[in-house]
Amino acid sequence: MKGIPYVQDRYSPTLDIFPIQCSEFNRIYQFYENLKENRLTTTKCLSCRHVAYPPRVLCPQCYSEELEWIDLPDRGKVLCVVEKWKGLPICFEAPLITAWIELPDPSPVKRLLTRIINCGAGQLKEGSEVRLTVFDVDAHPIDKGKEKFMKERVFFAFEPVQ
Ligand SMILES: [Zn+2]
């Protein structure tokens with residue numbers, strides 16, 4: 001269901017769709033630290049106040065690197081939904097559901113494209129309410145000098161509000 005970067009106990013970077021989430025390798029690692037607290041966040045420019053989603057390391061409007069993290073709503077309403085049954089990435093089960101969702105005012109990000117999980121086929125319609133859900137994905141092996149360790153990881157999707 002999650003996408004599995006391990007095949008027969010061997011890590012395969014080419015099959016790993018989830019990012020490395022530690023500060024040494026990812027400048028938006030804070031996004032994942034916030035997810036671990038069940039917070040969906042993005043970056044806001046301290047210079048021109050532009051809010052970008054997905055989060056950035058550089059403001060796309062004024063190129064400032066002075067950004068702050070802001071929280072986004074953890075609920076939204078479905079605008080349109082797609083259930084994919086064929087041609088799925090390896091280790092994903094059908095249906096793979098994605099949706100454009102609308103975030104409630106006064107969210108600075110009005111809509112976003114997200115995966116939907118914990119959801120049956122045909123369950124979501126336009127206007128259905130969904131909420132943020134954060135789940136663990138397989139840890140990622142990190143080589144840092146002579147040190148080797150596993151970095152725990154998370155990712156997010158939305159799920160139907162029952
Ligand atoms: Zn800016």
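Here is a stop-by-stop walk through this predicted model, with something to select at each stop.

**Stop 1: the whole chain**

Start with everything shown as a cartoon. The protein chain comes to one helix and 10 strands. Follow them from the N terminus and the order reads β-β-α-β-β-β-β-β-β-β-β. Along the principal axes, the C-alpha atoms fill a box of roughly 50 × 45 × 25 Å. Of the 162 residues, 15% count as buried. If you look at contacts between residues at least 6 apart in sequence, 52% of them join residues at least 24 apart.

**Stop 2: the three-strand sheet**

Now select residues 41–45, which are strand 3, together with strand 4 (51–52) and strand 5 (67–71). You have an open sheet of three strands in the order 4-3-5, paired antiparallel. Strand 4 and strand 5 stand at the edges with a single partner strand each, so one side of each has no neighbour in the sheet. Strand 3 and strand 4 are held in register by two bridges, in the antiparallel sense. To see how they line up, show threonine 43: alanine 52 in strand 4 stands opposite.

**Stop 3: the loop after strand 4**

Stay around here and move into the loop between strand 4 and strand 5, where you'll find proline 54. Zoom in on the peptide bond joining tyrosine 53 and proline 54: it is cis, with omega about 0°. The same loop label applies to tyrosine 63, which also lies between strand 4 and strand 5. Check the backbone of tyrosine 63, where phi is near 70°, a positive value in a residue other than glycine. Why look twice at these spots? Most residues other than glycine have a negative phi, and most peptide bonds are trans. Is tyrosine 63 buried or exposed? Tyrosine 63 counts as exposed, because 10 C-beta neighbours lie inside 10 Å and the cut-off for exposed is 12 or fewer.

**Stop 4: the long hairpin**

Select residues 129–144, strand 9, and 147–160, strand 10. How many bridges join strand 9 to strand 10? There are 13, and the two strands run antiparallel. Two pairs make handy landmarks: threonine 133 has alanine 157 as its bridge partner in strand 10, and proline 141 stands opposite methionine 150. At the turn, two residues sit between the strands, and glycine 145 takes a positive phi near 60°.

Next, add residues 75–84, which make up strand 6. Strand 6 joins strand 9 through three bridges, again antiparallel. Glycine 76 stands opposite valine 130 in strand 9.

**Stop 5: the nonpolar core**

Show side chains for Val78, Ile97, Ala99, Ile101, Ile116, Cys119, Leu124, Val130 and Phe158: these nine residues form the largest nonpolar core. Strand 7 gives the largest share, three residues. As background, nonpolar side chains tend to be buried together in soluble globular proteins.

Click on leucine 124 and look around. Leaving aside residues up to four places away in sequence, leucine 124 touches Val78, Val81, Ala99, Ile116, Cys119 and Pro160. Then draw a distance from leucine 124 to valine 82: their C-alpha atoms are separated by 9.5 Å, although the two are 42 residues apart along the chain. Valine 82 is in strand 6; with 12 C-beta neighbours inside 10 Å, this valine counts as exposed.

**Stop 6: tryptophan 100**

Go to strand 7, residues 96–102, and pick tryptophan 100. With 15 other C-beta atoms within 10 Å, tryptophan 100 is partly exposed. Which residues does tryptophan 100 touch, beyond those up to four places away in sequence? They are Leu79, Cys80, Arg111 and Leu113. For a link back to Stop 3, span from tryptophan 100 to proline 54: 14 Å from C-alpha to C-alpha, with their positions 46 residues apart in sequence.

**Stop 7: two more backbone oddities**

Finish in the loops. Proline 106 lies in the loop between strand 7 and strand 8 (111–116), and the peptide bond leading to this proline from aspartate 105 is cis, with omega near 5°. Further on, asparagine 118 lies in the loop between strand 8 and strand 9. Asparagine 118 has a positive phi, near 55°, in a residue other than glycine. Asparagine 118 is partly exposed, with 15 other C-beta atoms within 10 Å.

How values were computed. Residues numbered from 1 in each chain as written. Predicted model: local features only at pLDDT ≥ 70, side-chain atom pairs only at ≥ 80, totals over all residues. Helix = DSSP H or I, 4+ residues; strand = E, 2+ residues; numbered from the N terminus. Buried ≥ 20, exposed ≤ 12 C-beta atoms within 10 Å, placed from the backbone. Contact = placed C-beta atoms within 7 Å. Pairing = 2+ DSSP bridges. Core = buried A, V, L, I, M, F, W, Y, C linked by C-beta atoms within 7 Å.
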